[in-house]
Amino acid sequence: PGSPVVLGIESSCDETGAGLVRDGKLLGHAVASSMDEHARYGGVVPEIAARAHVHSLTPVVHRALDEAGLAMADIGAVAVTTGPGLSGALQVGLAGAKGLAYGLGVPLYGVHHLAGHVAADTLEHGPLPNPCMVLIVSGGHTSLLLVRDLARDPIVHLGDTLDDAAGECFDKVARVFGLPYPGGPAIDRAAREGDPKAVAFPRPLTGPRDDPYGFSFSGLKTAAARWAERHTDGELPVADGAASLQEAVADVLTRKAVAACKEHGVGTLVVVGGVAANSRVRSLAEERCQKAGITLRVPPLRLCTDNGAMIAAVGDLLVRAGAAPAPLDLSIDPSAPL
Ligand code: KG4
Ligand code: ZN
């Protein structure tokens, strides 16, 4: 009785994730990352990522099952990321998911990667209120989404970045500052010792005539590079640069997200994606939401970055909403729109 255990598989970028969810509860999950293999190239190499998924998929599924104290035969449905993401990487996860669903004789569900990031929060904080505003900030995305019902309604895309994603901006500037890859966590660490007011970096697209829900981070990246160029090697005040950049990004993100909530009369803001791990994004969102009477929800760090549990969470919602399973010829959608 009750709903089935849903296995979620994520392989859209450099993380191979498997998670098990039933009735909104996380039973177990495991993630393997090929991040170290990409480090010397300064970014994710698609072919390396795809090969790493081939190696990691089966072990990761077994680790998730072990953590949950479950066996393969306990899996009642399989959910898999179909996009957006790297096509070779997505193909590996989809092929694995199809094999498992077919072999176990259980239904298969295709899941949008961003819906997964949104659903991650439900595993920690319970069902999402309808509607809610979602700020999704990762290495590939910076979007404001209006979510009415994750299992039934399409997500309304309010705005996006016109160029780089917020995480990409952190990653690229970190490189210029001589910090290790991935840059986001490195900037966050370096910023602890710096002064956020040291450098007056621009706040792109925050003027009265600008798109209220649009973002742009490439100008900020250029401004940070110009600032770095003005210092000779070894003289660069990295901590101040990192703190000031982080402040600019956090300011723009949280200002627009809170404005979007007010404009649409939405009482809950959910901040998800890898950049939701940023300490200043978190503290400024907290401060501004409190002032505006908005409830802020941020998933715990371990569920913010790519993982299989978040995909299982969407699968679980779909199963419980009675959604139709996908056919076995389900295909990937690398540039999936929302
Ligand atoms: O969601 P995610 O794991 O992968 C996707 O891009 O889908 O996000 C990864 C991004 C990277 O750009 C990384 O630098 C950034 O999230 N990130 C951070 C922090 N932790 C991860 N950015 C700023 N501060 C952090 N603490
Ligand atoms: Zn992601």
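Helices α7 and α8 cross each other in a right-handed manner. In this predicted model, α7 covers residues 218-229 and α8 covers residues 238-264. Their axes come within 11 Å, and the crossing angle is roughly 165°. Angles over 145 degrees count as roughly antiparallel, and α7 and α8 are therefore roughly antiparallel to each other.

The next topic is ligand 1 and its surroundings. The shell around ligand 1 has 20 residues, and Gly139, Gly167, Gly184, Gly274 and Asn278 come nearest. Sorted by class, this shell holds 10 polar, seven nonpolar and three charged residues. Which helices each supply at least two residues of the shell? They are α5, which spans 166-176, and α6, which spans 183-191. The largest share comes from α6, with five residues.

Where does ligand 1 lie with respect to the two domains? Domain 1 is made of two stretches, 5-118 and 304-320, while domain 2 runs over 129-299. Both domains give residues to the shell, so ligand 1 lies between them.

A database record adds another way of dividing the chain. In an unreviewed entry, UniProt lists residues 26-312 under "domain: Gcp-like". In the model, 49% of this span is helix and 16% is strand. The C-alpha atoms at the two ends of residues 26-312 lie 9 Å apart.

Some details of the backbone remain. Most peptide bonds are trans, and most residues other than glycine have a negative phi. Against that background, three places in the loops can be looked at in turn.

Going along the chain, begin with Asp23, in the loop that joins β2 (15-22) and β3 (25-33). Asp23 is not a glycine, yet its phi is positive, at about 55°.

Then turn to Pro84, which sits in the loop between β4 (75-83) and α3 (87-104). The peptide bond leading from Gly83 to Pro84 is cis, and its omega is near -5°.

Last comes Pro131, placed in the loop between α4 (113-125) and β6 (132-137). What kind of peptide bond joins Asn130 and Pro131? The bond is cis, with an omega of about -5°.

Methods
Residues numbered from 1 in each chain as written. Chains lettered and ligands numbered in written order. Predicted model: local features only at pLDDT ≥ 70, side-chain atom pairs only at ≥ 80, totals over all residues. Near = placed C-beta within 6 Å. Helix = DSSP H or I, 4+ residues; strand = E, 2+ residues; numbered from the N terminus. Nonpolar A, V, L, I, M, F, W, Y, C, P; charged D, E, K, R; others polar. Domains from an automatic or database assignment. UniProt positions renumbered as here; feature names shortened; annotations may be inferred. Axes fitted to C-alpha atoms, helices over the stretch in contact; angles between N-to-C directions. Parallel < 35°, antiparallel > 145°, perpendicular 65-115°, else oblique. Left-handed = near helix turned anticlockwise from the far one by under 90°.
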